[in-house]
Amino acid sequence: MLIDSRLRTVHTGRSGSDPEQEQLVEQLLTSLGPEGIDDVLDGTCTLIYLYMKWLREAHEAHEKDVVEYVVPTLVTSLKMLPKSVPPEAVPTMAGLAIAAATGLSPTLWRKQYGDWTEAELTPLEATAFLLAEHINRVTDDQNFATRMITEALTQVESGAE
């Protein structure tokens with residue numbers, strides 16, 4: 001929902017962050033506690049995995065390599081956000097995207113390097129946002145990435161019943 005909210009903000013032409021929304025996100029994260037925050041991080045990594053899986057399949061259908069075509073664009077975009085994404089976080093986000101593109105769990109890939117740092121949280125969110133926006137541009141549908149995740153969640157819930 002956070003990524004969808006950010007996408008809608010960009011598409012409505014609003015710039016900057018909404019202080020009220022930022023406060024609500026901060027309150028939510030504070031209320032979750034450490035385990036809840038780990039769940040949010042895992043969820044964000046899952047979004048990245050699903051986005052990269054979809055992009056990999058779409059590129060393979062055209063006999064193209066997702067790492068060659070998506071990761072450089074992602075890295076360039078992340079580097080254009082120096083206030084939100086410190087330069088030292090860019091290689092981590094690129095590695096995370098490459099891991100997901102090759103079918104590895106981003107969460108498990110990250111565990112080999114230790115816990116997430118506070119400085120990596122915004123770049124992680126930016127990575128998920130940029131991948132969702134990339135999918136929306138590829139499909140020419142501003143809601144495709146959100147709908148894709150909603151449908152995946154619906155399928156999981158239907159299978160659990």
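Over the ring of which residue does the charged end of K64 sit? I found it over Y69, 5.1 Å from the ring centre; I call a charge over a ring when NZ of Lys or CZ of Arg is within 6 Å of the ring centre and within 35 degrees of the ring normal. R110 lies over the face of W116, at 4.5 Å from the ring centre.

A note on what I am reading: this is a predicted model, where local features need pLDDT of at least 70, side-chain atom pairs count only at pLDDT 80 or more, and totals for chains, interfaces and linings use all residues. Residues are numbered from 1 along each chain as its sequence is written, and side-chain values use heavy atoms, without hydrogens and water.

Next I looked up helix α3 (residues 66-79) against helix α4 (residues 90-101); helices here are DSSP runs of H or I, at least four residues, numbered from the N terminus. Their axes (lines fitted to C-alpha atoms over the stretch in contact, angles from 0 to 180 degrees between N-to-C directions) are 10 Å apart at about 155 degrees. So α3 is roughly antiparallel to α4 (over 145 degrees).

I then listed the contact (heavy atoms within 4.5 Å): V71, L74 and K79 are among the α3 residues, and M93, A97 and I98 among those of α4. The residues of this contact divide into 12 nonpolar (Ala, Val, Leu, Ile, Met, Phe, Trp, Tyr, Cys and Pro), no polar and 1 charged (Asp, Glu, Lys and Arg; the others, Gly among them, are polar).

Last, I checked α3 with helix α6 (residues 118-139): about 130 degrees, axes 10 Å apart.

Note on methods
Helix = DSSP H or I, 4+ residues; strand = E, 2+ residues; numbered from the N terminus. Parallel < 35°, antiparallel > 145°, perpendicular 65-115°, else oblique.
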